Amino acid sequence: MKRSKVIEVLTDGSVGSKVVVKGWVRAFRSNRFIQLNDGSTIKNIQAVVDFENFDEALLKRITTGSAIAVTGELVESQGAGQAVEIQVEGIEILGDANPDEVQRTVMQPKRHSLEFLREQAHLRFRTNTFGAVFRIRHAVAYAIHKFFNDRGFYYLHTPIVTGSDAEGAGEMFRVTTLDPINPPLNEDGSVNYKEDFFGKPVNLTVSGQLEAELGALALGQVYTFGPTFRAENSNTSRHLAEFWMIEPEVAFNDLKDNMDLTESFLKYIVDYVLENCKDDLAFLNEREANEQKTKPQNERNEMSLIERLEFVSKNDFKRLTYTEAIDLLLQSKPYKKGQFKFDVKWGIDLQSEHERYLVEKEFNCPVILTDYPAEIKAFYMRQNDDGKTVAAMDVLFPGIGEIVGGSQREERFDVLKEKCKAFDIHEEEIWWYLETRKFGTVPHAGFGLGFERMIMFVTGMTNIRDVIPFPRTPQNAEF
Ligand code: ATP
Ligand code: MN
């Protein structure tokens, strides 16, 4: 008989039919009730055993963490919590799990700390929380491809190994096949990269944007969705050394179009999760609510996870310029009371305490900040007429901070060349990027969404290490 998945049995299994279900045992109570999960849904199927009918030695092997196949008839459930259950006729042990060993793992059914779960990232998929997070992560990835495909964008695969380090988005990881103990040297003692695999120094990419622009200036609308790497030594709850980024790039778009695209894109993802991940979301909502109860009243979230998602879906993002934001900060209570750690004045790079004030206190909704000082943004952002600011935009989310960074790109050849000079970027490094501005250059714009930060928002997880299967952070590349 063909195996049925738990989700199929629970959603459209008909009472009286014979089924085979395979999965991992979550619990076996009273030598009678097996909770079986196969990953197809957060819900377990209950399999009911009449122990008189089975060998004792066999029943002993049905333990938390073991894998089994059960055959039986689907019957209406007597207990609360599920509509149907399986009246077991046959049991096959597929994989044993030693109960003594299970004791020391995250599979042991009790509350574990997220830190402990992280140490067992190879097993944490077996828990409800991480099952929910990674099913949602998948759904969001799918929604992103669907959003762009439905709107005529092309998925462009930009390189992961790159020779350009002009992006300036962060420290890079060098990729080399040279012998680290005895590399070939130049006469002056420096490493001779001409003898390296690519004949020059190369790194892991920090962003696919520059290459995406090349594609957009022919294909019209493209997006990338791939891994990016940053060797920043920042051990925060929102930075990874390896993370995934989505970078759409659109010819003929200006900054306003770019903001509109971003806002509709982020709302689409949120709506998709609300519509398609109901069970997992309900579980995470409940999980967060329970955790909130352990916190002092004034540290609790004002809205539940689901309420926050609905709020973002239904409300316009607040749009304002960097200059307006600085003015608001200068008027703010924490500024006047000297409660900000970092000073506020026009020209500073906003610190996360400033962003959080704007998003969580001043507006209480997602915020799009635009038109930042040129000095604190990348060379490729379009110079505004005031000569001081560029057509940049950052999207700030409650509880997350920056989730998207983007801009209208500098399309004017002469201005861009000047910018390269000012940022000390050598033309021979980036000649291919400059060339697009020589042949039919047009206004265009794009942005980068940090995939994991979006997953944090839609799952309510507060540490970025808990929304990627195997996090890479400073001093940590286990698994
Ligand atoms: P931040 O100021 O938070 O360090 P950034 O300004 O360096 O971010 P960008 O270069 O604008 O980031 O990258 C685009 C997006 O990628 C960010 O808005 C964020 O969502 C995400 N992102 C950036 N760095 C990281 C990181 N180290 N780990 C996870 N996501 C990141
Ligand atoms: Mn940014």
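Start by colouring the two domains: their centres, taken over C-alpha atoms, are separated by 44 Å. Select 6–103 for domain 1 and 128–171 + 206–466 for domain 2; these bounds come from an automatic or database domain assignment.

Before moving on, a word on what is loaded: this is a predicted model, in which local features need pLDDT of at least 70 and side-chain atom pairs count only at pLDDT 80 or more, while totals for chains, interfaces and linings use all residues. Residues are numbered from 1 along each chain as its sequence is written, chains are lettered from A and ligands numbered from 1 in the order in which they are written, and side-chain values use heavy atoms, with hydrogens and water left out.

**Stop 1: where the domains meet**

Show the residues of each domain that contact the other (heavy atoms within 4.5 Å). You should find six residues of domain 1 in contact with six of domain 2. The buried area, meaning the accessible area (1.4 Å probe) that two parts lose on being put together, summed over both, is about 470 Å² here, and carbon and sulfur atoms give 45% of that.

Now select Lys43 and Asp279. Their side chains meet in a salt bridge, 3.6 Å from N to O; the term requires a side-chain nitrogen of Lys or Arg within 4 Å of a carboxyl oxygen of Asp or Glu. Between domain 1 and domain 2 the count is one salt bridge.

**Stop 2: Glu288 in helix H8**

Next, pick Glu288, which lies in helix H8 (residues 278–293). Helices here are DSSP runs of H or I with at least four residues, strands are runs of E with at least two, and both are numbered from the N terminus. Is Glu288 buried or exposed? With a relative accessible area of 7%, Glu288 is buried; the classes are buried under 20%, exposed over 50% and partly exposed in between (1.4 Å probe, protein chains only).

Show the side chain of Asn301 as well: the Glu288 side chain makes a polar contact with it at 3.3 Å. Such a contact is a pair of N or O atoms within 3.5 Å; within protein, one must be able to donate a hydrogen and the other to accept it, and residues adjacent in sequence count only if both atoms are side-chain atoms. Leaving out residues up to four places away in sequence, Glu288 also touches others, including Met303, Arg308 and Gly460.

**Stop 3: helix H15**

Gly460 leads you to the next selection, since it follows H15 and has a positive phi, near 80°. Helix H15 covers residues 451–459, and nine of its nine residues are buried. Among them are Phe451, Arg453 and Phe457.

**Stop 4: salt bridges along the chain**

The whole structure holds 28 salt bridges. Select Glu213 and Arg409, whose closest N and O atoms are 3.8 Å apart. This pair spans 196 residues, from Glu213 in helix H6 (residues 209–219) to Arg409 in the loop between strand E16 (401–408) and helix H13 (413–422). Glu213 is buried at 0% relative accessibility, and Arg409 is buried at 2%.

For a pair within one helix, go to Asp260 and Lys256, which meet at 2.8 Å, N to O. They are separated by about one helical turn because they are four residues apart in helix H7 (residues 255–276). Asp260 is partly exposed at 31%, and Lys256 is partly exposed at 46%.

Finish by adding Glu263, Lys267, Asp316 and Arg319 to Lys256 and Asp260: these residues are linked in a network of salt bridges.
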